[in-house]
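This report describes one protein chain for a reader who is new to structures. Please look over the sequence and the model before reading on.

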Amino acid sequence: MTSYLTQFSETLRAEARSENTIQSYLSDLKHFAEWFEGTNGEEFKPGAITPIDVGEYKSYLQTVKGFKPATINRRLAAIKRLCRWARTQGLIEENPASEIKGVPRARTAPKALTRREAAHLVRMAQRHGSKRDVAILQLLRHTGVRVSELVNLTLEDLQISERKGQITVRYGKGGRYREIPLNRDARRALREYLEVQSGVSAPPVHLC
């Protein structure tokens, strides 16, 4: 095992790979070699690796070790790189890892702002931004409307009075129509923005 990995690392250095990259490859391959020898009871060498070995190792990393996709994919990439090298050296005829696919990474949901963070953002807009900035932030904060839905709103989609109000999303995600109530903070921010836009005080009546 040591002989093959030493030759492999020398090739990587000749390709001007960074030492960190080389050591990462070697660490991952040593782990695979230990697993291979412990599982199969034979000496590890490139010519002994089969597609079944690589597939079972991938499953071992997933189910037994519980590694994250990024770690598993990195180790599979190291094995594939070793096998490509072994093929150029005439040590194997086919790359046994070439058909083994990596583990897809699950898309993580975006992290929502805490109430404190959202309030801080609004305060910064009130101090340094415009009435428009405040109105946008308050709508996003208090209605849950999407940005794409917000930018498509018109005056006809807004109803506002002193005590109540709502916005109408006529074509949201999936073509859904919905009416969203406005709380006091959102109504106040919208009124102040509309007053600036019109140059006059916005009366507390329906604007549509």
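The text below goes from the whole chain to its salt bridges, its charged patches and a few single residues.

## The chain as a whole

The model is predicted. The chain contains 8 helices and 3 strands. Their order along the sequence is α-α-α-α-α-α-α-β-β-β-α, a pattern in which the three strands come just before the final helix.

How does the radius of gyration of the chain compare with that of a compact globule of 208 residues? The globule would have a value near 17 Å, while the chain has 30 Å. The C-alpha trace spans about 85 × 35 × 30 Å along its principal axes. Of the 208 residues, 35% count as buried.

Two distances from Ala 189 give a sense of the layout. Ala 189 belongs to helix H8. From its C-alpha atom to that of Asp 133 is 9.3 Å, although the two residues are 56 apart in sequence. Asp 133 is part of helix H6, which covers residues 131–143. Ala 77 is 112 residues away from Ala 189 along the chain, and 53 Å separate their C-alpha atoms.

The surroundings of the pair Asp 133 and Ala 189 can also be compared. Ala 189 has a relative accessibility of 6%, so this residue counts as buried. Asp 133 has 31% and therefore counts as partly exposed.

## Salt bridges

A search of the whole structure gives 10 salt bridges. Three of them are listed here, each with the separation of its N and O atoms.

| Acidic residue | Basic residue | N to O distance |
|---|---|---|
| Asp 28 | Arg 74 | 2.8 Å |
| Glu 149 | Arg 146 | 3.2 Å |
| Asp 185 | Arg 188 | 3.3 Å |

Take the bridge between Arg 74 and Asp 28, with its closest N and O atoms 2.8 Å apart. This pair links distant parts of the chain: Arg 74 is in helix H4 (residues 69–88), Asp 28 is in helix H2, and their positions lie 46 residues apart in the numbering. Is Asp 28 buried or exposed? Asp 28 counts as buried because its relative accessibility is 3%, and buried means under 20%. Arg 74, at 37%, counts as partly exposed.

The bridge between Glu 149 and Arg 146 also joins a buried residue to a partly exposed one. Glu 149 has 5% relative accessibility and so counts as buried. Arg 146 has 36%, so Arg 146 counts as partly exposed.

In the bridge between Asp 185 and Arg 188, both residues lie in helix H8 (residues 184–198). They are 3 residues apart, about one turn of the helix. Asp 185 is partly exposed at 27% relative accessibility, and Arg 188 is partly exposed with a relative accessible area of 37%. Elsewhere, Glu 15, Arg 17 and Arg 81 are joined into one network by salt bridges that share partners.

## Charged patches on the surface

The surface carries a positive patch made of Arg 115, Arg 116, Arg 123, Arg 127 and Arg 141. Which helix gives the most to this patch? Helix H5, residues 115–128, does so with 4 residues. One residue placed in helix H5 is Arg 115. Its relative accessibility is 77%, so Arg 115 counts as exposed; the cut-off for exposed is over 50%.

A negative patch is formed by Glu 34, Glu 37, Glu 42 and Glu 43. Glu 37 lies in helix H2, which runs over residues 19–40. With a relative accessibility of 31%, Glu 37 counts as partly exposed.

## A residue with a positive phi

One more residue is worth finding in the model. Ala 16 is not a glycine, yet its phi is positive, at about 65°. Where is Ala 16 placed? Ala 16 sits in the loop between helix H1 (2–14) and H2. Its relative accessible area is 68%, so Ala 16 is exposed.

Notes: Residues numbered from 1 in each chain as written. Predicted model: local features only at pLDDT ≥ 70, side-chain atom pairs only at ≥ 80, totals over all residues. Heavy atoms only, no water. Patch = residues over 30% accessible without salt bridge, like charges linked within 9 Å, V, L, I, M, F, W, Y side chains within 5 Å. Areas by Shrake-Rupley, 256 points an atom, 1.4 Å probe, with all protein chains shown as cover. Salt bridge = Lys/Arg side-chain N within 4 Å of Asp/Glu carboxyl O. Lys, Arg positive; Asp, Glu negative; His and termini not counted. Charge placed at Lys NZ, Arg CZ, Asp CG, Glu CD. Helix = DSSP H or I, 4+ residues; strand = E, 2+ residues; numbered from the N terminus. Buried < 20%, exposed > 50% of the residue type's maximum accessible area, 1.4 Å probe, protein only. Rg over C-alpha atoms; globule rule 2.2 N^0.38 Å.
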